[in-house]
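Student: Could we go through this structure together, step by step, with you explaining the reasoning as we go?

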Amino acid sequence: MTAAPAERGRTVVADRAVRRIAERAATEADLGGRRARVTHGTAAVHGRHADVRVDVRLPYPAALGETGERVRGRMADRVAELSGLTVRAATVRVQSLAADRAAPPAPPADGGGSPRRARRPWSARRVPAALVALVGTAACALPLYDVLAVHLADRSPAGWRTRTVDWLATHGPGDTPVVAGGAVAAVLGVWLLWLALTPGLRGVLPMAPVHGSRPQRAVLERSAVAELLRDAVTAVPGVTDVRVRCGRRRVRVRARLGFGDRTTTHTAVRTTTATTLDTLGLTRPLKPRVTSRPEPHWRPPEATPSAPPAEPGPATEPPPSPKESDS
C-alpha cells in the first residue's frame, strides 16, 4: 500500500531560521513608538518545540518588566506563527539601556539655510571595465607566454610575434597604418577617460536628503516620474490621452482633450503637473512644459440657452374690483 504524501517525508526547521525570526520579532515590538535593539540571539529546535533567547538593548527610560514582557510576547507569537513550532521557552535578557537620541531640529519656517544637495550616483561601468581588463590581460599574457617558452623551454619564437616585430621595424610613424592605429588608440583613450570622469546613470534623478536625517542616497527613475505624471494628468476631467517625456532638466506633458472647456482643462493639467512634481522630492526640480490639444471630435461647450420670450396670448381683462361688483 502506498503511503500518503504527508507521510513520505518531514519538514525540518533549522535553528538558524528560528533565531532569525526571533531576532526580527523582538525588534518589531512596539514600545510606545520606540524599538528594542537585538545584540545577540540563540535558538534550539527539539522536534516540534523550540527554545529561543535574545539579548536586547532597550530605550531609556522604560519599565523593564513591562517592556521585556512585550518583547517576549511578540517574539513568542511570531516564532510560533511563522515556523509552526511550539515555543517552549522564550527568554529575553536586557543587556543594556540606551537613551533616546535628541530629535533632529525642525527646518526653519522661512526656508533659510543652505540645504544639502544630493549628487547623482556614480555608475560602476562593469561592462567597459571588464572589456578593458580582458583585452589588457590578453595583450600581456600572450607575449609573456611566448617569451617564457623561448627562454625556458628553448622553443623558437612564435610566428605572429616575429611578423609583428618585423612589421614594426619596417614601418615608421609617418605610415598610414601607424597613424590610423594611433588615432584609434587615442579615441579609445578619450572614451575611457570620459567614462572614468563622468557619473553616468542618466536614467535616474537624485532625490533631496531629508533635513536632519543620516546621510543617505535615494534616486528616482525617469520612467517612474513619467508614469506618475501620466496617471495624475489622466485623472483630470476632459483628458483622454497623455504623453510624458521626462529628461534630466525638463519634463514635457502633452495632453489630448476630448470634452470640456479648453482653457479650464489646460489650467487643471498645469496645476496637476506642478503639484505632482512638488511631491517627488527631487534635489533639482524639473521644469514642466505642458501643451494641450483637442481631439478631432472635440467641440466647444455650448452656452446655456436663455429662456425664450413668452408668446403673446389672448388679451384678458383684469378681475373687477369689489366696489364695481357691489355696484
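Tutor: What follows is a set of questions and answers about this model, which is predicted.

Student: In which order do the 3 strands of the open sheet stand, and which of them stand at the edges?

Tutor: The open sheet has mixed pairing, and its strands follow the order 6-7-8. Strand 6 (239-246) and strand 8 (287-294) each have a single partner strand, so one side of each is left without a neighbour in the sheet. The strands at the edges are therefore strand 6 and strand 8.

Student: How many bridges join strand 7 to strand 8, and which residue stands opposite R252?

Tutor: Strand 7, made of residues 250-257, runs parallel to strand 8, and the number of bridges joining them is 8. Opposite R252, in strand 8, stands R289.

Student: Which helix lies across strand 6, strand 7 and strand 8, and at about what angle does it run to strand 8?

Tutor: The helix in question covers residues 262-278 and lies across these three strands. It is helix 7, and its angle to strand 8 is about 155 degrees.

Student: Which residues have the most contacts inside the largest nonpolar core?

Tutor: This core has 21 residues, and the elements that give two or more residues to it are helix 6, strand 6, strand 7 and helix 7. The residues with the most contacts inside the core are V225, V239 and L286.

Student: Is R24 buried or exposed, and how does E28 count?

Tutor: A residue counts as exposed when its relative accessible area is over 50% and as buried when that area is under 20%. R24 has 57% relative accessibility and so counts as exposed. For E28 the relative accessible area is 26%, which means that E28 is partly exposed.

Student: Which residue in helix 2 forms a salt bridge with E28?

Tutor: E28 meets R24 in a salt bridge at 3.6 Å, N to O, and because these two are 4 residues apart in helix 1, they are separated by about one helical turn. E28 also has a salt bridge whose closest N and O atoms are 3.8 Å apart. This pair links distant parts of the chain, 50 residues apart, since one partner is in helix 1 and the other in helix 2 (residues 64-83). The partner in helix 2 is R78.

Student: Why does the salt bridge of R88 with D51 tie together parts that are apart in sequence, and by how many residues?

Tutor: The closest N and O atoms of R88 and D51 are 3.1 Å apart. R88 lies in strand 3 (residues 86-99) and D51 in strand 2 (residues 49-60), so the pair ties together parts whose separation in sequence is 37 residues.

Definitions and conventions. Residues are numbered from 1 along each chain as its sequence is written. This is a predicted model: local features need pLDDT of at least 70, side-chain atom pairs count only at pLDDT 80 or more; totals for chains, interfaces and linings use all residues. Side-chain values use heavy atoms; hydrogens and water are left out. Two strands pair if DSSP finds at least two bridges between them. Contact means heavy atoms within 4.5 Å. Axes are lines fitted to C-alpha atoms, for helices over the stretch in contact, and angles run from 0 to 180 degrees between N-to-C directions. A nonpolar core is a set of buried Ala, Val, Leu, Ile, Met, Phe, Trp, Tyr and Cys residues joined through side-chain atoms within 4.5 Å. Buried means under 20% relative accessible area, exposed over 50%, partly exposed in between (1.4 Å probe, protein chains only). A salt bridge is a side-chain nitrogen of Lys or Arg within 4 Å of a carboxyl oxygen of Asp or Glu.
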